[in-house]
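Student: I'd like to go through this structure with you and ask where each label comes from. Could we take the terms one at a time?

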Amino acid sequence: MVRRRVPLVTLMLAAAGLVAGGLWWWAMVRLLLVPGETGPVEGAVAAGGWGLSLLPVHVAASSRRRAGARARLTRASRRRRWGAGSDPS
């Protein structure tokens, strides 16, 4: 088995994500179970987490993106077909 070391920054980001997710679930459970006793903090945490879930995935930055990859993928075909008739396909 190959053991790889995980960078400390990755571990810290994962821990922060777990903590933020736990806080969101705590706020949602409190809002659902005891709505009369919740305050503005629970509401703000729940609304913030819900708002983050609405962000599309393509908003995230990608470090592996090449400069010419987008132009190559979105270039339209320039082949002209005037008067050529229909293709057998």
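Tutor: Happily! Let's start with the word helix: here it stands for a DSSP run of H or I with at least four residues, numbered from the N terminus. Keep in mind that this is a predicted model.

Student: What makes the chain α-α-α when read along the sequence?

Tutor: The chain has 3 helices and 0 strands, and reading along the sequence gives the pattern α-α-α. Helix H2 covers residues 40–53, and Glu-42 sits in it.

Student: Why is Glu-42 called buried?

Tutor: The cut-off for buried is under 20% relative accessible area. Glu-42 has a relative accessibility of 8%, so it counts as buried.

Student: Which polar partners does the side chain of Glu-42 have?

Tutor: The side chain of Arg-30 is one of them, joined to that of Glu-42 by a polar contact of 3.0 Å. In addition, a polar atom of the Glu-42 side chain lies 2.9 Å from the backbone nitrogen of Gly-39. For a polar contact, the N or O atoms must be within 3.5 Å. Leaving out residues up to four places away in sequence, Glu-42 touches Trp-26, Ala-27, Arg-30 and Leu-31.

Student: How do you know whether H1 is parallel, perpendicular or oblique to H2?

Tutor: The axes of helix H1, residues 8–33, and H2 come within 8 Å and cross at roughly 120°. Therefore H1 is oblique to H2. The reasoning is that 65 to 115 degrees would be roughly perpendicular and over 145 roughly antiparallel, so an angle between those two ranges falls to oblique. The crossing of H1 and H2 is also left-handed.

Student: Which residues meet where H1 and H2 come together?

Tutor: On the H1 side they are Leu-23, Trp-24, Trp-26, Ala-27, Met-28, Arg-30 and Leu-31, and on the H2 side Glu-42, Gly-43, Val-45, Ala-46, Gly-49 and Trp-50.

Student: What makes Ala-27 count as buried or exposed?

Tutor: Ala-27, found in helix H1, has a relative accessibility of 0%, so it counts as buried. Beyond residues up to four places away in sequence, Ala-27 touches Glu-42, Val-45 and Ala-46. The C-alpha atoms of Ala-27 and Val-45 are separated by 6.5 Å, although these residues are 18 apart along the chain.

Student: And Trp-26: why is it described as partly exposed?

Tutor: Partly exposed is the label between under 20%, which is buried, and over 50%, which is exposed. Trp-26 has a relative accessible area of 43%, so it is partly exposed. Trp-26 lies in helix H1, and its C-alpha atom is separated by 8.8 Å from that of Ala-46, 20 residues apart along the chain.

Student: What about Thr-38, is it buried or exposed, and how do you know?

Tutor: Thr-38 is found in the loop between H1 and H2. With a relative accessibility of 18%, set against the under 20% cut-off, Thr-38 counts as buried. The Thr-38 side chain reaches the backbone oxygen of Pro-35 at 3.1 Å. Setting aside neighbours within four places in sequence, Thr-38 is in contact with Arg-30 and Leu-31.

Student: How much of the chain is buried, and what supplies the area it exposes?

Tutor: Buried residues are 6% of the 89 residues in the chain. The chain exposes about 8,800 Å², with carbon and sulfur atoms supplying 63% of it.

Terms used:
Residues numbered from 1 in each chain as written. Predicted model: local features only at pLDDT ≥ 70, side-chain atom pairs only at ≥ 80, totals over all residues. Heavy atoms only, no water. Helix = DSSP H or I, 4+ residues; strand = E, 2+ residues; numbered from the N terminus. Buried < 20%, exposed > 50% of the residue type's maximum accessible area, 1.4 Å probe, protein only. Areas by Shrake-Rupley, 256 points an atom, 1.4 Å probe, with all protein chains shown as cover. Polar contact = N/O pair within 3.5 Å; in protein donor to acceptor, adjacent residues only side chain to side chain. Contact = heavy atoms within 4.5 Å. Axes fitted to C-alpha atoms, helices over the stretch in contact; angles between N-to-C directions. Parallel < 35°, antiparallel > 145°, perpendicular 65-115°, else oblique. Left-handed = near helix turned anticlockwise from the far one by under 90°.
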